[in-house]
Every structure is written in structure tokens, then in C-alpha cells.
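Hi,

Here is the structure I promised to pass on. Have a look at it first, and my notes follow underneath.

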Amino acid sequence: MATFTLEVSVTEKCNLACPYCYVANIDKFLSIEKFDKAFIEFKKMVHRSSTTGLPGSGNQGEKYHVSYFGGEPLLNMELIRHATRKFKADPACEHVGIISNLSLLTEEIMEYIEKAGLGVSWSFDGLSSNESRPLVKNMEENKGYDNVLDMYNSKRHLLKRALRNERFCKVMLFPGNIENMTENLQFLVEMGINCPDFMCVRDDIWSEEDIRVFRVECHRMADQLIKYFDQGKIIVIGMFHLAIRDILIGMTKSKRPWGCFAGTHGAVMSVEGEFYPCARFASKKLLPMSGKEYNGVEDYDFAYWQKQLNPQNYSKCKSCKLYKVCNAGCSYSQIRNGNQPVDSVCELNHIFYDETLRIAEECKNMPAYIEYVKKVFTGGWDNKYLHKNADVNDIKESIKRAAEQGSNHVLHPITPTAMPYKEVAVYG
Ligand code: SF4
Ligand code: SF4
């Protein structure tokens, strides 16, 4: 049973120009009027998803979670303040959070986040941020800064408050940055981030050579993680964490009947106040979920998409050795691939599942690892084992130390302008 996830795209404008983002970066903002109208439609949609979907395949109640998303959501605080009042007054709303690059945090915004009790999910590329996340030139909000790492460095006291005890950030892995992923891990840990959510872009962008490099680099990062466990530090790395969780759940119960929330038990509210399965579908205006009926049939049929996007049903997966545990990946890229998982992404899945099993084998007697696995089952992380850093450490110092630690490995510059693609699965 899953809780409905709503992402509210409060603006399509951003102060960063990440070359892999699928949102157009234009001056569009969700207005209060459009939000209020869409909120009524949203409540009907959550009800429909729980009453017309397949039993056990999606939302089975009227409860929901909300995340503000964009563009950069901190650029539309007026809407966030208004919408939060509405969500918090609704007993069916279980959680409200913001997915943000956090470079525009101010004292005033931080105070509001704390007072309103909003969760924060930081989207941050780490070492390569200045290249993969360039500042939009001539934008008022970026004035006084040369690059995004300088922005973060000057706001470390605010970042520390935003990230609270569990230091989490979402880092995308794509062919342009995999050669530095171990150094990036060291950089993030040095900076104070103990839960870096490294995730591979799950689209058809990986060449055979990229996959070969990924195999080598994934092994190197797993070695570094083993060292951390050996030192008594619990560092939670997204892709290995997802794999161990899916293995434990898949082998003891059964794997879940969805890959991601998109269209099975979740939706995005666009800046126009319209609904789509996720922001990626919204960027192409694909599969609108308006609730309108045509000849007695609603335009978006939850039961149909819950069946289509169920990783238990993909014929390709049925003969795969990961069938019992793997949740397949991005629904959007699968729909574009004839409703089947993308071959190159399956290769990546096999690599990081293999590394996850190697980590388990090598760490099985280490106290920090035993504690970690216990928490995967029971939740409720115990601060005793978490890597402690009182501050979000100086970013420039952290880069220097990460470079020293990985001194037998050259730091490869990434060239964002040479990235051959746009529109990749950057989250989810
Ligand atoms: S690796 Fe690919 S084929 Fe195997 S279960 Fe996962 S998505 Fe399916
Ligand atoms: S994984 Fe793909 S389909 Fe799912 S939310 Fe992310 S972008 Fe959308």
C-alpha cells in the first residue's frame, strides 16, 4: 500500500542552467488562483486513484504527501506559503516538503521552513556543481557570486539548518561525471553529507564504453563505502541503499508492484494547474490526468497504468536473475521504449546489484553494517552510528581534501556543453 505523492511545480524558472534538465527555464509561475482551482481537482484525483486503481497496486487510501518542485521552487515563496496553509489544514496530507537546489536560501526562508515544519530535499551534484550547474547570467538572485559552490559556501550556516541531522542530497550520475564519483563521495562525506543519494540517469544515454567505465567506478565507490563501514561510519549511498532494501524486501515478501510514483499513485500539478504523471510527462504534455470523461471513460485510467507500469509484469524481466528484486526504473523511459526497461539501464542495474552483494559479503561482520541493515528493515536511524559532523564544512577545504584522498586518481573535468542529451530522468 502506498501513499499518493503530489509534486507541485510552482515555477519553471530556475537560477541555475543545468544542461540535463528537462524543464524549459522560462518565467512561468503557478498562481494562487490556479492552485486553488487545481487543489479541488487534486482531491478528486486522490479519491479516484484509491477507488478505481487495482488493489495493492497503488494508492489505497485518501492520504497523500506533497513536494514543491520546479524550476527552483524557492523563487515562488508566495505560492508555497499559500499552498502550505491549505495542505497543513487538510488531515489527509501527511507530509509537505521542498525539492530545491537550496542556493537561494535566505534567513527569512529558512525561518519559514522551520516554522512551517517543511521537509527539505537538496538537489546537489557535489564536486562537479560549478560545471554541471552553471549560474544563469544576469539574474538578480545570483548577483555577487561567480559560481554555485561559492553561493553554497557563503550559506553553510543555513544549509546546516536546512539539512538537519540526516544530511541528504540527491546526486545524478551520468556518463559525464562517473569518473569522479568516488572523489565526489569523499567530498560530500567530508562536507558533512552522510546520505548522498547517488542515482543513475535511467535513460538510453549509456554507450558500451560508458557502462564499462561505470563498472570500474562503481567498484571503486563500493570499496570506499566498505572502508567507511570498517571505520564505524554509516554512509547511506542511494543506489546501494535502494538495492539492499529491494533485495531484503523482495526476497522476504515480494517486490512492490510499481517502479516509481508516476501515474500509479502520484502526479505533478503543473504551473498551469494541470495534472500529469510526473514533471517529465508534464514537460511533454504526455498523459494528461484531467479527470474528464469521454464516452463514459475517464481520460486517465489508474487501473490500466498501474498494470502497464508494474515491474512484475514486464516480459523482459521475467527471465532476468534480478526479477524478484529489481523495480525496473523510470516509467517515462519505459513507455518510450515500447513498455519495456531500457537495455543499457538493465546493465547498470546488474552492476550495482552485484556491488551491493559484494559490500554485504565484505561487511557482514562489521558493527556499523549490521546496524545499518537492521535500520533498513526497521527504519528509525540511530545517531550513534551516523557519521557526525557538527557543521557543513568549508566546501573549498572539502574539495582539497577529497582530491588528496583520491590522489592516485586524476580528477576529471566534466564538459557540460559536450553533453549530448537533454531531458533525462534527473530525479524520481
Ligand atoms: S535488470 Fe532489467 S530485465 Fe532485469 S529485472 Fe531489472 S529492469 Fe527487469
Ligand atoms: S523515474 Fe521517470 S517516470 Fe518516475 S518520476 Fe522520475 S522521471 Fe518520472
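How do the residues of the shell around ligand 1 divide into nonpolar, polar and charged? The split is nine nonpolar, two polar and one charged (Ala, Val, Leu, Ile, Met, Phe, Trp, Tyr, Cys and Pro count as nonpolar, Asp, Glu, Lys and Arg as charged, and the others, Gly among them, as polar). The residues surrounding ligand 1 are Y314, K316, C317, C320, L322, Y323, C326, A328, P341, C346, N349 and H350, where near means a C-beta atom, placed from the backbone, within 6 Å of the molecule. Two elements, α12 (315–318) and α14 (343–363), each give two or more residues to that shell, and α14 gives the most, with three.

Before the rest, some housekeeping. This is a predicted model, where local features need pLDDT of at least 70, side-chain atom pairs count only at pLDDT 80 or more, and totals for chains, interfaces and linings use all residues. Residues are numbered from 1 along each chain as its sequence is written, while chains are lettered from A and ligands numbered from 1 in the order in which they are written.

On confidence, the protein has a mean pLDDT of 87, with 89% of its residues at 70 or more (pLDDT is the predictor's confidence in each residue, from 0 to 100). Strand β10 (residues 297–298) has the lowest mean among the elements, 70, and helix α2 (residues 77–88) the highest, 98.

Overall, there are 16 helices and 10 strands, taken as DSSP runs numbered from the N terminus (helices H or I, at least four residues; strands E, at least two). Of the 428 residues, 45% are buried, that is, with 20 or more other C-beta atoms, placed from the backbone, within 10 Å of their own.

Now the helix pair. Helix α7 (residues 181–191) packs against helix α8 (residues 208–230) at about 30°, axes 8 Å apart, with axes fitted to C-alpha atoms over the stretch in contact and angles running from 0 to 180 degrees between N-to-C directions. The two are therefore roughly parallel (angles under 35 degrees). M181, T182, L185 and Q186 of α7 meet E217, R220, M221 and Q224 of α8, a contact meaning C-beta atoms, placed from the backbone, within 7 Å.

L185 of α7 is buried, with 25 other C-beta atoms within 10 Å. Leaving out residues up to four places away in sequence, L185 touches P196, M221, Q224 and I237.

Helix α3 (residues 107–116) is hardly covered, with one buried residue among its 10. G117, just after α3, takes a positive phi of about 70°.

Cheers

How values were computed: A residue is buried if 20 or more other C-beta atoms lie within 10 Å of its own, exposed if 12 or fewer, and partly exposed in between; C-beta atoms are placed from the backbone. Angles under 35 degrees count as roughly parallel, over 145 as roughly antiparallel, 65 to 115 as roughly perpendicular and the rest as oblique. Two residues are in contact if their C-beta atoms, placed from the backbone, lie within 7 Å.
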